[in-house]
Amino acid sequence: MPLIMILYYIICAYIAGMLVWNFIREKKSVNDMLLYLLVMIPLVLRILRVK
(Lines give C-alpha, C1' and ligand atoms only; values in the text may rest on other atoms or scores of the structure.)
Protein backbone atom coordinates (compact mmCIF):
# COMPACT_ATOMS: atom_id res chain seq x y z
CA MET A 1 0.00 0.00 0.00
CA PRO A 2 1.39 3.43 -0.84
CA LEU A 3 2.28 5.77 1.96
CA ILE A 4 -0.44 8.25 1.00
CA MET A 5 -3.16 5.61 1.33
CA ILE A 6 -1.84 4.62 4.75
CA LEU A 7 -1.92 8.26 5.86
CA TYR A 8 -5.43 8.60 4.42
CA TYR A 9 -6.69 5.67 6.49
CA ILE A 10 -4.95 6.98 9.60
CA ILE A 11 -6.62 10.37 9.17
CA CYS A 12 -10.03 8.72 8.62
CA ALA A 13 -9.56 6.60 11.74
CA TYR A 14 -8.54 9.67 13.76
CA ILE A 15 -11.58 11.68 12.64
CA ALA A 16 -13.88 8.72 13.28
CA GLY A 17 -12.36 8.33 16.74
CA MET A 18 -12.97 11.99 17.53
CA LEU A 19 -16.58 11.64 16.35
CA VAL A 20 -17.06 8.61 18.60
CA TRP A 21 -15.59 10.57 21.51
CA ASN A 22 -17.97 13.49 20.87
CA PHE A 23 -20.88 11.07 20.44
CA ILE A 24 -20.16 9.51 23.84
CA ARG A 25 -19.80 12.91 25.53
CA GLU A 26 -23.02 14.31 24.01
CA LYS A 27 -25.83 13.92 26.53
CA LYS A 28 -28.20 16.80 25.79
CA SER A 29 -29.13 16.76 22.14
CA VAL A 30 -30.33 13.66 20.33
CA ASN A 31 -30.15 15.59 17.04
CA ASP A 32 -26.43 16.20 17.52
CA MET A 33 -25.90 12.52 18.30
CA LEU A 34 -27.67 11.59 15.07
CA LEU A 35 -25.52 14.04 13.10
CA TYR A 36 -22.35 12.52 14.58
CA LEU A 37 -23.53 9.08 13.45
CA LEU A 38 -24.38 10.31 9.95
CA VAL A 39 -20.93 11.88 9.53
CA MET A 40 -19.26 8.75 10.89
CA ILE A 41 -20.84 6.34 8.38
CA PRO A 42 -18.68 7.22 5.33
CA LEU A 43 -15.52 7.29 7.44
CA VAL A 44 -16.17 3.82 8.85
CA LEU A 45 -16.99 2.50 5.38
CA ARG A 46 -13.68 3.87 4.06
CA ILE A 47 -11.73 2.33 6.91
CA LEU A 48 -13.40 -1.04 6.28
CA ARG A 49 -12.87 -0.60 2.51
CA VAL A 50 -16.57 -1.04 1.70
CA LYS A 51 -17.71 0.71 -1.45
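## Two helices and a small shared core

Y14 sits in helix α1, which covers residues 3–25. This is a predicted model, and its protein chain has two helices and zero strands. Here's a quick tour, starting with the overall build and ending at the surface.

**Overall build**
- The C-alpha atoms of the protein chain take up a box of roughly 40 × 20 × 10 Å along the principal axes.
- The radius of gyration comes out at 13 Å, whereas a compact globule of 51 residues would be near 10 Å.
- Just 14% of the 51 residues in the protein chain count as buried.
- About 4400 Å² of the protein chain is exposed, and 74% of that comes from carbon and sulfur atoms.

**Where the helices share a core**
- C12, A16, L19, M40 and L43 make up the largest nonpolar core, five residues in total.
- Both helices chip in, with at least two core residues from α1 and at least two from α2.
- Helix α1 has the largest share of this core, at three residues.

**Around Y14**
- Y14 has a relative accessible area of 56%, so it lands in the exposed class, which starts over 50%.
- The C-alpha atoms of Y14 and L43 are 9.7 Å apart, although 29 residues separate the two along the chain.
- L43, for its part, is one of the residues in the largest nonpolar core.

**The tyrosine pair**
- If you go looking for aromatic pairs, the count is one.
- That pair is Y8 with Y9, in an edge-to-face arrangement, with 5.7 Å centre to centre and 65° between the planes.
- The edge-to-face label applies because the 65° angle is past the cut-off, which is over 60 degrees.
- Y9 is buried because its relative accessible area is 19%, and the cut-off for buried is under 20%.
- Y8 has 38% relative accessibility, so this residue counts as partly exposed.

**The nonpolar surface patch**
- A nonpolar patch on the surface brings together L34, L35, L38, I41, V44, L45, I47, L48 and V50.
- Together, these residues have about 780 Å² of accessible area.
- V44, one of the patch members, belongs to helix α2, which runs over residues 30–47.
- With a relative accessible area of 33%, V44 is partly exposed; patch members need over 30%, so V44 makes that cut.

Conventions. Residues numbered from 1 in each chain as written. Predicted model: local features only at pLDDT ≥ 70, side-chain atom pairs only at ≥ 80, totals over all residues. Heavy atoms only, no water. Patch = residues over 30% accessible without salt bridge, like charges linked within 9 Å, V, L, I, M, F, W, Y side chains within 5 Å. Areas by Shrake-Rupley, 256 points an atom, 1.4 Å probe, with all protein chains shown as cover. Salt bridge = Lys/Arg side-chain N within 4 Å of Asp/Glu carboxyl O. Helix = DSSP H or I, 4+ residues; strand = E, 2+ residues; numbered from the N terminus. Buried < 20%, exposed > 50% of the residue type's maximum accessible area, 1.4 Å probe, protein only. Phe/Tyr/Trp six-rings, centres within 6.5 Å; stacked < 30°, edge-to-face > 60°. Rg over C-alpha atoms; globule rule 2.2 N^0.38 Å. Core = buried A, V, L, I, M, F, W, Y, C linked by side-chain atoms within 4.5 Å.
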